[in-house]
Amino acid sequence: MILLFMIDDPTITRGFAIAITGLVIVFAVLILISLFIAALPHALAVVARVLPEIEHGHSAASHSEQSNDHDEAVMAAIGFVMHNELQKAGTDGHSG
Amino acid sequence: MDILVEFLKTTGFWSMTWGNAIMILIGIAFITLAIRKDYEPLLLVPIGMGAIIGNIPVIEGMSLSVYDDAKWILEGDEIRYQSGSVLSYLYFGVRQGIYPPLIFLGIGAMTDFSTMLSNPKLILLGAAAQIGVFLTFFGALFLGFDFAEAGAIGIIGGADGPTAIFLSAKLAPHLLGAIAIAAYSYMALVPVIQPPIMKLLTTREERLIRMKAPRIVGKREKMIFPVVAFLISTLVAPGAIVLLGMLFFGNLLKESLVTERLANTARTSLIDIITILLGVSVGASTQASTFLQSDSLLIFALGALSFAIATAGGVLFAKLMNLFLTEKINPLIGAAGVSAVPDSARVVQMVGQQEDPHNFLLMHAMAPNVAGVVGSAIAAGVLWSVLAPAI
């Protein structure tokens, strides 16, 4: 009975049509994106034969910046250990 | 004495209604939840404070509320311009749908689509969760809301605050406050709402499924993706141009590697500023006279239903996919198809680890999670383009 009422009501019928269409469109778009993503690595592999991927200038710069930071951290750590060892040696010397 | 009485009449105490008091308490509750429970603090603190600001009764004749817009007044033979309240200018960005796309720009600049690019079939889970949007739209129609209102209510199921605000500003501005509060409340309550549904719909064996680590995605893939995904989405659903345009533009800023400064601004300062303006002005729009209506209660009920259906839709679709897949996916990640990023992905990780502490689902769950952002923006675009002409 309720179902018959729903089918007769033009608002509900139109609403149902919009809901189904909307869901189909969302699925269609995301399926298309999904297919594109699945195909992309294969397409890029073909492109890479002609135009090999090069290291980007900016990323290279940031890499070297990172290396500098890394070097500084290593130097600081070495300095800290040396300082500790020298102090320990000094203290040991006095105590000995 | 008369002067004192006159002064008292201008105070907030004099014109305070029960509704204002309730809304102020709700505002305080939001702030408390954000501080004590850490529920979406970046949103609930501005919205809570906004609700308090918006519910201090204003003196008649003074332009103070968000609804006091600039207008032309006819006085005798003269036409006079009356400027709007400060809050009304801040609210302009909400009413005109300006803030949500800017938030999407920031989200795009933060989002790493790598997990989605490495396992494209998981995108479908982001689509399946949108069933919550469309079933709630249908349910709202059944409860007597008109088409535009039903569309705006349905989008709560997308679990995306900016999208909900954007669509309700376009379709049903009079419901904006209730819809925004419902959307953000349920987003904050993701860790409470989702786990019981996820556990109810999955077996222990399913929750224990381990998934293969995602592959490493190349830079070129990441750079090409935002442009092509935008073209595909908006050529099919042009209503999503504004939201998806900004989302993918933000992502391109991030992935192009040559606009790091712009990407950094978009994902830090810009999104923070817009979140503050959006939160406070949406909160201030929840004046008791407009917010405390029976419709608001219905919107909250439909919002909860919408969220639950979206979660169930994602989980059930993952189980359906498993019928056809040789490499099974853990159906829990279907719950991340709602676009509450990254909260629902975190919930998936949490529920998964309750069964197996060494199962790391977070990375896998991020794929349907970001697909959900795209899916809900497309759903909003579809509803907007179909329903706007009917207004």
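Let me begin with a pair of strands in chain B: β1(B) and strand β2, residues 78-82, pair in the antiparallel sense over five bridges. Please bear in mind throughout that this is a predicted model.

The two strands, β1(B) and β2(B), form a hairpin, with two residues between them. In the turn sits G76(B), whose phi is positive, at about 65 degrees. Across the pairing, W72(B) stands opposite Y81(B) in β2(B). How many of the five residues of β1(B) are buried? The count is zero, and strand β1, residues 71-75, is accordingly described as hardly covered.

I turn now to two positions in the helices of chain B. The first I wish to discuss is V133(B), which is found in helix α9 of chain B. Is V133(B) buried or exposed? V133(B) is buried, because 36 other C-beta atoms lie within 10 Å, and the threshold for that class is 20 or more. Leaving aside residues up to four places away in sequence, V133(B) touches G154(B), I155(B), G157(B) and G158(B), and also S306(B), S376(B) and A379(B). As for I153(B), its C-alpha atom is separated from that of V133(B) by 8.3 Å, with the two residues 20 apart along the chain.

The other position is L171(B), placed in helix α11 of chain B, which covers residues 161-171. L171(B) counts as buried because it has 27 C-beta neighbours inside 10 Å. Where does R220(B) lie with respect to L171(B)? These two residues are 49 apart in sequence, and their C-alpha atoms are 39 Å apart in space.

Let me move on to chain A. Its elements comprise three helices and zero strands, and from the N terminus on they run α-α-α. Of the 96 residues in chain A, buried residues make up 12%.

Finally, I come to the contact between the chains. Here, 38 residues of chain B are in contact with 28 residues of chain A. Which helices of chain B each supply at least two residues to the side that touches chain A? They are α8 (123-128), α9 (131-142), α15 (219-236) and α21 (362-387). Among these, α15(B) gives the most, with ten residues. By character, the residues on this side of chain B divide into 29 nonpolar, five polar and four charged. Helix α9 thus appears twice in this account: it holds the buried V133(B), and it also supplies residues to the side of chain B that touches chain A.

Conventions. Residues are numbered from 1 along each chain as its sequence is written. Chains are lettered from A and ligands numbered from 1 in the order in which they are written. This is a predicted model: local features need pLDDT of at least 70, side-chain atom pairs count only at pLDDT 80 or more; totals for chains, interfaces and linings use all residues. Two residues are in contact if their C-beta atoms, placed from the backbone, lie within 7 Å. Helices (H or I, at least four residues) and strands (E, at least two) are DSSP runs, numbered from the N terminus. Ala, Val, Leu, Ile, Met, Phe, Trp, Tyr, Cys and Pro count as nonpolar, Asp, Glu, Lys and Arg as charged, and the others, Gly among them, as polar. Two strands pair if DSSP finds at least two bridges between them.
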